[in-house]
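Work through the exercises below with the sequence and the model in view. Each task is followed by a solution in steps.

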Amino acid sequence: MDQQNNQSAHSTQSVREKVDIAWNHFTECKTTDGKKQYKCLHCGIIYKGGGIHRMKQHLAGIKGNIASCKKVPHDIRYQMQQNLNEISKKKQQAQQDLSQIDDLLGEDPVEEERGSCSVTKPQSSDIHGKGLDKGKRKIDEIDNFLHLEQNRDLNLP
């Protein structure tokens, strides 16, 4: 009976299990106002917010977003660097896949035959991927497009 109570108490404590490899090197706690804090198990420094990705940068020694850990073993540092590189490659691949899908959808022969206007999406030149359009178009542009299509179907100017 105690085992059942223990299992149900454990399942209600965390809705989602922490599966990222970096959780082996950090503890997460909350302040009195409910904000998350992360404590590095190697150097003992407590960081306020930022998430596990930022903590991986701490362990990997990537400067700019967080100070690098001075006490992390070299094998752990290398493991975190590799993990961050894999994540970056997956994001780039997903962006390329999305771009290819947008290209395919944008070259619809039915639209070209009807002479419909195309809705252009803004391009971002940000090299870090921040602010990139992920295929979402502004509601105003879509409404304008639909209005033009409806008028064309009704032969209105």
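Two strands count as paired if DSSP finds at least two bridges between them. The model used here is predicted.

**Exercise 1.** Describe how strands β1 and β2 pair, and find the residue with a positive phi in their hairpin.

Solution.
1. Strand β1 covers residues 26-30 and strand β2 covers residues 36-40.
2. The two strands are joined by five bridges in the antiparallel sense.
3. One of the pairings sets Thr27 against Lys39 in β2.
4. Five residues lie between the strands of this hairpin, and Gly34 has a positive phi near 90 degrees.

**Exercise 2.** Decide how many disulfides the structure holds, and examine Cys40.

Solution.
1. A disulfide requires two cysteine sulfur atoms within 2.5 Å.
2. Searching the whole structure gives zero disulfides.
3. For Cys40, the nearest cysteine sulfur belongs to Cys43, at 3.6 Å.
4. Cys43 has its closest cysteine sulfur in Cys40, and the 3.6 Å between them is too far for a bond.
5. Cys40 is also buried, at a relative accessible area of 1%.

**Exercise 3.** Find the salt bridges of the structure and state which parts of the chain Lys18 and Glu28 tie together.

Solution.
1. A salt bridge needs a side-chain nitrogen of Lys or Arg within 4 Å of a carboxyl oxygen of Asp or Glu. The structure has three of them.
2. Lys18 pairs with Glu28, with 3.3 Å between the closest N and O atoms. Because Lys18 sits in the loop between α1 (2-13) and β1 while Glu28 is in strand β1, the pair ties together parts 10 residues apart in sequence.
3. Glu28 also meets Lys36 in a salt bridge, at 3.7 Å from N to O. Through shared partners, Lys18, Glu28 and Lys36 form one network.
4. In this network Lys18 is partly exposed at 41% relative accessible area, Glu28 is partly exposed at 30%, and Lys36 is partly exposed at 40%.

**Exercise 4.** Where do Asp20 and Lys56 lie, and is each buried or partly exposed?

Solution.
1. The closest N and O atoms of the Asp20–Lys56 salt bridge are 2.8 Å apart.
2. Asp20 is in the loop between α1 and β1 and Lys56 is in helix α2 (residues 51-60), so this pair links parts 36 residues apart in sequence.
3. Asp20 is partly exposed at 23% relative accessibility, whereas Lys56 is buried at 2%.

**Exercise 5.** Compare the UniProt annotation of residues 77-104 with the model.

Solution.
1. The unreviewed UniProt entry annotates residues 77-104 as "coiled-coil region".
2. In the model, residues 77-104 are 100% helix and 0% strand.
3. The end C-alpha atoms of this stretch are 41 Å apart.

How values were computed
Residues numbered from 1 in each chain as written. Predicted model: local features only at pLDDT ≥ 70, side-chain atom pairs only at ≥ 80, totals over all residues. Heavy atoms only, no water. Helix = DSSP H or I, 4+ residues; strand = E, 2+ residues; numbered from the N terminus. Buried < 20%, exposed > 50% of the residue type's maximum accessible area, 1.4 Å probe, protein only. UniProt positions renumbered as here; feature names shortened; annotations may be inferred.
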